[in-house]
Amino acid sequence: MKFQIEDVTVYFPYENIYPEQYSYMIELKRALDAKGHCLLEMPTGTGKTIALLSLITSYSLSKPSNPVKLLYCTRTVHEMEKTLAELKLLHNYQVKHLGPSARILALGLSSRKNLCVNPAVVSAENRDSVDAACRKLTASWVRALAAEDPRVSTCEFFENYEKASSDAVLPPGVYTLQDLRTFGKEKGWCPYFLARHMVQFANVVVYSYQYLLDPKVAGIISKEMQRESVVVFDEAHNIDNVCIEALSVRVRSQTLEGATRNLNKMSQEIERLKATDAGRLRAEYNRLVEGLAQRGNLPISDTWFANPTLPADILKEAVPGNIRRAEHFLSVLRRLVQYFKGRLQTENVEKEGPVTFVASINAQVGIDQKMLKFCYDRLYSLMLTLEITDTEEFMHIQTICDLATLVGTYTRGFSIIIEPFDERMPHIPDPVLQLCCHDASLAIKPVFERFQSVVITSGTLSPIDLYPRLLNFNPVVSRSFTMSLTRDCICPMVLTRGSDQLPVSTKYDLRSDPGVEKNYGKLLLEMVSVVPDGVVCFFVSYSYMDGIVNSWHESGILKEIMQHKLVFIETQDVVETTLALDNYRRACDCGRGAVFFSVARGKVAEGIDFDRHYGRLVIMFGVPFQYTLSRILLARLEYLRETFQIKEGDFLTFDALRQAAQCVGRVIRSKADYGMMIFADKRYSRHDKRSKLPSWILSHLRDAHLNLSTDMAVHIAREFLRRMAQPYDKTGAMGKRTLLSQEDLEKMVNGVSDMLF
C-alpha cells in the first residue's frame, strides 16, 4: 500500500498497517524534519523494523536532490539478516511502483569471519585468528614480496579485487551477507574489502553497534559517512552498556606476560632492521617528526584499528620527541609493563581516578601524560614499519597501549580499579587491573554531533526519561506506543506467594530459603501440567540457576516436571546452548512441549525469539538486579549520582526491570501470537518497581493479577488458554481496529474517522 504522511509518499509493502506503525512513522518523520534525535519505544511484534525502513527510504525518495543515507545498527548478525530481508521485500515493492528510479544500494557489513570466502582463512577458529590470517595474505609488504617471489602466498580474491580497481563495484540492490559472499565468489573478488569500499556509496548500510560506537573501529569504517545520515540504533535498551564496554580495558597478568613476549620480538625485529634496512626506521622517524599524518593514505589492507580515543580528543600534535625512535619507545613500553606488574601484586582492592593514576606512572617510571596519549598511534606506526602481519599474536601489547592512550586522554568519567581476586571466589588469586568507563555519553557523543538524526528505538525503553540523562542529549521526540489488539493476547501476572502462602523472592535473605525454592519448583510443576507447548524460565544468575536446579533434583521436583515436559538448560558455552535451543524447538515441534531454563543476562535473553508454540509462558524467577557488590558497578553508580543526579536505587531498578521486560517480551512476537508472563517475586507488587515496566505490558496487567498465589495463577492460566483457543478474528469486527487498509488511512487523514488511539 502507499499513503501520504504530509509531503512524503510512504511505500509500505503490505496490504494493511497497524495503527501504532502509522503513529510511529508520524513521530519519526517529525524527528527527521526537525533534524534532531529521537527516542521511540514500540512493543515487540508490531513491525517496528519495516515501519522504520519504509518511512526513511520513502523520505529519502521524496528528496531526490538531497537524499538521506540510512545507517542501521543492530546488535547481532541474526538481527542484521532479518533487517536486510525486510529491506529486500520493501525495495522490490518500491521498484515495482516507481520503476528504476527507486533503485538503491543497501548492504550488510560484518567482520571478515562472516564475509571471507577464502577457505584457508575462514577456517580459523575465532574472529581475531581470521583477521590475522587475512592480513598475512593481504598486507601491502607481503604482496610486494609475492611480486618478486612466486612462492609467497597471497589471497586470490583480494588480488582479483585490486586488479579490478575502479571496476570493482556492486550493482544496485539489497545484499545480505550471504549475497555478498555469493557475488564475491562469482566475480572472484573479496566480499569483505568490496563491502568496506562500497559502504561510502551505499544508500543503506546495516552493521553492528561497534562500527559507530567503538572508536577503534569507527575511526576506520565510519569516518567517511556524511552528516546527512540518519542513524538508527535498533533494540537499543542496553545502548549505555555497549558505549561503556567500548571504552573499557582489562589487563591481567597473562596480558602482561604476552606483552613482554611481544616487546622482545619487536626488539629483535628492530635490531634486524638496523642491520639490513636502517632507511625504513629513519623514514618512520622523519614521518613522526612531521606529525602522525601517515594515517590517511594507507592501503585499505593495512588498516586494522584506529585510535581507541574519540577523534576530537587527540589533538593533531606531533609525537613527543622521546618516543620517536623505535628503541626509545620500546623501553617506555617495557617500563609501563613493569609498572602494571607491580600494581597487580597488591593484596588489597585499589581504586583511583585517571589523574592520580597518570601522576603515579610519572612519579614511578617517568612516563608523562603526553607519552601515554600517543602510545597507541606510535605502536601502530611501528607495527607497520616492522611489517607485522600476525596482529592476533600482538593483541597483548595493543591492549596495554589501548589502556595507556585512554588514561592519558581522559581525566573524567573513568576509574582504575585493581582487584587481587574475584570476590565471589576469594581463595583463587586472579589479579586484574581495569580501566572502567562510567560515562556512556562519551562514546555516543560524536555520533550525536556528527549525524543530523539519531533514532534510538526498542521494545523496552521504560522509563524513557532516563535515557536522555544517561546519554546526555536532548531528543526532539520521545514517545512510547501501546499495542492495538483485537483480543487480550498478553496475560502478565505478579506472583507474590506460593501455594502455602509463604512469600517468594530472590532477595538475598530469602534466596536460598528451602521454602522459596520449593514454592518456585511447585509453581513450575503446576504450570507445565496446564500450559501446552513451550515454557521458558529466566533466573537471575547462572549460580542461582545451578543451585535451584540441584535443589529441585534432590527433592524430586525436577523428575516430576520431566514427566510432563523435557527440560533444556542454557550454559555459558555458546555451542552447548545453541544445541539445547535446537533440541528445545524440536521437542516443541513434536507437540509434547518443553521447558527451557535460562539466565536473565545470558545469551538467550537477547535476540532469541520464542514465538508461537515455542513460548506460551515465560516465568521470571526474581528481579534480575546486577551483582550489587561489583566494584565497577559501585563506581559507576557513584559517577551517575555525582554527574547526572541519578540515584543509585533508581538506576538499579531501571536496569533490572528493563532486563526483566526484555526477557518476558521474548514470548510475544506478533499480534496473532499469545502468551503469559509470570513475574514471580513479591517485589513486583510494589508500585515503584512495577511502574518501570513498559506501558504495553502495564496496560494488560489487571489489578486482580497483582498479588497472586500459585493456585490463583494456575486458575488464571487455565481461563486464559481456554479463551485463546477460540477462533481468532484478525480484522477486529468487535469495533477494535488493529489493521488499517489504505482506505482507512485516507479516511483518517481526511478527519472522517477517529481510529488512531
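Start by selecting strand E16, residues 534-539, and strand E19: four bridges join them, and the two run parallel. Keep in mind as you look around that this is a predicted model.

Now zoom in on one pair. Select Cys537, and you will find its bridge partner in E19, Ile619. Keep Ile619 in view, and add Ile678 in strand E20, which stands opposite Ile619. Show the whole of E20, residues 675-680, and you will see another parallel pairing, with five bridges joining E19 to E20.

Next, select E19 by itself, residues 617-621. Is this strand enclosed or open? Five of its five residues are buried, so E19 is largely enclosed by the rest of the structure. Turn on the side chains: Leu617, Ile619 and Phe621 lie on one side, Val618 and Met620 on the other, and both faces are covered. In a regular strand, side chains alternate between the two faces of the sheet.

Time to move to another part of the chain. Select residues 7-285, which an unreviewed UniProt entry annotates as the domain "Helicase ATP-binding". Over this stretch the chain is 57% helix and 13% strand, with end C-alpha atoms 58 Å apart.

Then pick helix H15, residues 278-289. Its 12 residues should span 16 Å at 1.5 Å a residue, and the end C-alpha atoms are 17 Å apart, which agrees. Which residues of H15 are buried? They are Leu281, Glu284 and Leu288. These residues cover an arc of only 60° around the axis, so they sit on the same side of H15. For your last stop, show helices H14 (253-276), H16 (326-344) and H19 (375-385), against which the buried residues of H15 pack.

Conventions. Residues numbered from 1 in each chain as written. Predicted model: local features only at pLDDT ≥ 70, side-chain atom pairs only at ≥ 80, totals over all residues. Heavy atoms only, no water. Expected span 1.5 Å × (residues − 1). Buried < 20%, exposed > 50% of the residue type's maximum accessible area, 1.4 Å probe, protein only. Arc of directions from axis to C-beta. Contact = heavy atoms within 4.5 Å. UniProt positions renumbered as here; feature names shortened; annotations may be inferred. Pairing = 2+ DSSP bridges.
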